[in-house]
Every structure is written in C-alpha cells, then in structure tokens.
Amino acid sequence: MSEAPNHTKIVVHSLDFYYGPVRALSQVSIQVLEREITALIGPSGCGKSTFLRCLNRMNDSIPNTRIEGTVLIDGLDIYRPEIDLPDLRRRVGLVFQKPNPFPKSIFANVAFGVNALGMASSRLDLDEVVETSLRRAALWEEVKDKLDEDARGLSLGQQQRLCIARVLAVEPEIILMDEPCSALDPIATLRIEELMRELKERYTIVIVTHNMQQAARVSDKTGLFWLGELVEFGLTSKVFTRPDQQRTEDYITGRLG
Amino acid sequence: MTQPLRTAYDREFAGIRERVLRLGELVDQAISRSLDSLQRRDTVQAAQIVEDDAEINELRFEIEEACLALIATQQPAASDLRSVIAAMNIVVDIERMGDHATGIAKTVIRMGDEPLLKPLIDIPRMVEIARGMLRESLQAYLDRDAAKAREIATRDDEIDHLYKAIFDELLEIMAKDPSSATRATYLLWTAHNLERIGDRVTNIAERVIFASTGDMQELNL
C-alpha cells in the first residue's frame, strides 16, 4: 500500500546568500514536500537560520545583503518584485527561538494578525478563529478561561504554543520554526514536538534545530548545513543510521563540530 | 577540525568492545577444550566446561546492559549506533556458540568410557576452521572490515562440507552395523554442534558488514 507522494511545496535552486562580501549560503538546492517536517541541522554559523529566513524573505530587511538563485513556493518565485510581502509572511509563518508574545491579552495575541490583515468579518468570526487556532496549538484547554489575561503570565512552553497559535490564526501554509524549543524545558519541548506532528497533517513545517535528537524524533527529512552548504539531505531514518556523507557521519556522531 | 568531543562515549564503547573480545576468547577456549575433552575422553574436564558456561552467559548479559546504558545515556547515531546494535547481536551469537561447546562437553560426559566409533579426523578439522573464523570475525568487527567479514563467511562452506562428509560416513556405518548407532550418534551430535557454530560465525560476519556499511544481507544462503 503506497500512498500518493506529497506535492512539492518549496523548491530552492542554487541559492546563494551574502552578508556584504561574506557568502553565507552557497548553491543550496532543496525540495520540501508539503505536509512533511523538514529539519535543518548543523553547527552555529553554518547558514541554516539564514536559509530558513530566505523562505519568507525575512532577510530582506537586513541591510547590505544579497540573494541569488530561486525560491519557489507552489511554483511561484517569491523573490519576484510584485510579490506582496505581508501576504507571503502570512502564508509562510515564522516561530522564533524565544517565545515573543505581545504585551497584550492571550486573545489579542492570537487575534493580532487576523485584525491587522482584516481577515475576520465580525467579532463572532474572530472568536472562532482564536478558538480554532488555540485548539490546533494544543493550548485551548489551558487558557480558555483566561483569554483576557496578559499573555506574559503564561509559562514559556505555553507562550511558545501561543506564538504558534498566532501564526496559525492567519491561515499559513508553511510554518518555519527557528530553534522553537531551545528556551523550553524537556516536557514543554516534547509537547511542542507532539504539536508539530499534529500540525503536519495540515501544514508544511521546516525547523532549524541544534538538538539532533529533536531532529531525529520529529522530522521526516533532515538536511545538514556545513559552512553555508547543504551537505546532505534525505530521509531522517537514513541520515541518522546510514548517512551518505562522511561529514554528516562525523557531525551526528559528535566527532566534528 | 576533528576534536575529541565524544571521549565519554569512546571510553565506554571501548570497554564494551573489550568485553566482546573477552567473551569471544572464553567461547573460543570452550570450543577448544570441548574437543580436547573428547580426544582425551576426559569427563572431568567436560563437566568443567559445562560449569564454566555460566560465566559466558553472565558476561553476555553484562555486555547487553552496557550497550543499553550507552544508548540511553549517549544517544549514538550512524556508525556508532550500528556498532552498538551489532555488539548486542554478536554477543547473542557468541553466547550460543558457548552453548554448542557445552553440547559437545555433555556428549563427552554421556559417552563415559565407551570406545570411540572411529578415529577423530574431520571433527578436529571443523574445530580448527570454526575457531579461526570466530577469532577473525571479532578482529573484523574491531577493524570494521566488511571485506574480511565476507571472506570469513565463505569458510562456512568448508565446515558444511565436512559435516556432510561425517554425516554420510556415519550413516553408512550405522546401516552396516545397527549396533553402532549409539556411538555414531555421539559423533553426529558433536559434528552438528560444530556445524551450528559455523552458522553462528556467519551471523557475526553479517553483523560486521552491517556495522561497517549499514547493509543488511544474508551470507551463505
């Protein structure tokens, strides 16, 4: 019984990225399938976060940077000038390393993007979006009785799930996660990982992590970045047991870092 | 670029490898002593082999526990993980070889002082080949030498060939003289234990290839 292969969501071809004269990414090509979790690993400074931020043009605002190559989402080049950036970032949401709730109520945090983009037609509509997003982020049961309380009163793990709910509220297709658990304790980390597995039923997820065991636990595919290059990319079960490249072997066995 | 980042892991795994070797030595000696007890018809020595098997069993469990602890605490990956898993598989086969040596010793005890049906010619030859295979397969494990493991596995054919020759010969003797059946069966059991030892070394060779390359393949089909 083989299922139909997932549609290719993201195609990156020969991507180069420069900070001034420094080339941070060179000739990165990768294909990300929809409704899969793709993990990017590699030592600090290897380019994996830079790469992640190329996928929703978060690097655009950094002065003196330059990008070459193509990034296609559903076949469309997201670096074409006519691309609507707020809409791109709605479709391709980003969850940061540290939970960054706004100094507002839990409700207002989730509703923020929906309001800003004028996506809800009524208060009733907005209530529903907030509830659905919090449910999908596995946070609803914990906060449903205190939606008006300040979001900063939540635990760090809850705050991170709130940030995920905030992303979900604007109906993204792709969720980028940059070290989403590095500030969390092991239980909160496992909760986020469980959540990621639920979310991949609907969304395409790309996660950058320093935690190799996390990559091994949650992802379908794993890519290793090294000095700005994508050294190896393949099925997680294979990468962690029989990698093709010696550099991957050395990195994941802790003999290169 | 390479820095000693996994010293704790390397140290613990080196300890496991040493104990796998030690287990192999104990079993190699058990096989050698079982032949010796058969040749000298020494039931006291044979009884000692049976008793000493407990040490082999104990060491095997000790190694398995050390592997489990290493996986749980150090999270090995890739070839490290394969080597630990291979160690866990290999010690099972080595320990079973010890049981086969014990099987031979028990036959010696059962034979008492009944005279041998025929001189021992092919059986010592089987022992020699099996012991060589065992020792070299463990060396191949240490060296992660898949080519060597493949070569070692081919030698199981010689053991199988000798077993078949012994089997045919004993069958013929029994057909001619049914009263020899009991004494023929003793030798047949002995040869059968050695034939099984050859199969176990082939399993080890398969695990060496897996640890070295990640390929899982059945050898000597």
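**Exercise 1. Which residue is the bridge partner of Ala39(A) in E8(A)?**

Some ground rules before solving: this is a predicted model, where local features need pLDDT of at least 70, side-chain atom pairs count only at pLDDT 80 or more, and totals for chains, interfaces and linings use all residues. Residues are numbered from 1 along each chain as its sequence is written, while chains are lettered from A and ligands numbered from 1 in the order in which they are written.

*Step 1.* Get the terms straight: helices (H or I, at least four residues) and strands (E, at least two) are DSSP runs numbered from the N terminus, and two strands pair if DSSP finds at least two bridges between them.

*Step 2.* Find the strands: E3 (residues 37–41) and E8 (residues 204–208) of chain A run parallel, with 4 bridges.

*Step 3.* Read off the partner: Ala39(A) bridges to Ile207(A).

**Exercise 2. Place that pair in its sheet, and find the edges.**

*Step 1.* The order is E6-E7-E8-E3-E9-E10 in chain A, an open sheet of 6 strands with mixed pairing.

*Step 2.* E6 (92–95) and E10 (229–235) of chain A each have a single partner strand, so one side of each lacks a neighbour in the sheet.

*Step 3.* For the twist, neighbouring strands here are turned by 15° against each other on average, direction ignored; the axes are lines fitted to C-alpha atoms.

**Exercise 3. Do the same for the sheet that holds E1(A).**

*Step 1.* Write down the order: E2-E1-E4-E5 (chain A), open, 4 strands, antiparallel pairing.

*Step 2.* Strands E2 (22–33) and E5 (76–77) of chain A are the edges, each with a single partner strand, so each has one side without a neighbour in the sheet.

*Step 3.* Inside, E1 (residues 8–19) and E4 (residues 65–73) of chain A share 8 bridges in the antiparallel sense. Tyr18(A), for instance, sits opposite Arg66(A) in E4(A).

**Exercise 4. Is chain A as compact as a globular protein of its length, or less so?**

*Step 1.* Count elements: chain A has 10 helices and 10 strands.

*Step 2.* Its radius of gyration (over C-alpha atoms) is 18 Å, close to the 18 Å from the globule rule (2.2 Å times the number of residues to the power 0.38) for 257 residues, so chain A is as compact as a globular protein of that length.

*Step 3.* The C-alpha trace of chain A spans about 55 × 45 × 40 Å along its principal axes.

*Step 4.* Of the 257 residues in chain A, 42% are buried (20 or more other C-beta atoms within 10 Å of a residue's own, with C-beta atoms placed from the backbone).

Notes: A residue is buried if 20 or more other C-beta atoms lie within 10 Å of its own, exposed if 12 or fewer, and partly exposed in between; C-beta atoms are placed from the backbone. Axes are lines fitted to C-alpha atoms, for helices over the stretch in contact, and angles run from 0 to 180 degrees between N-to-C directions.
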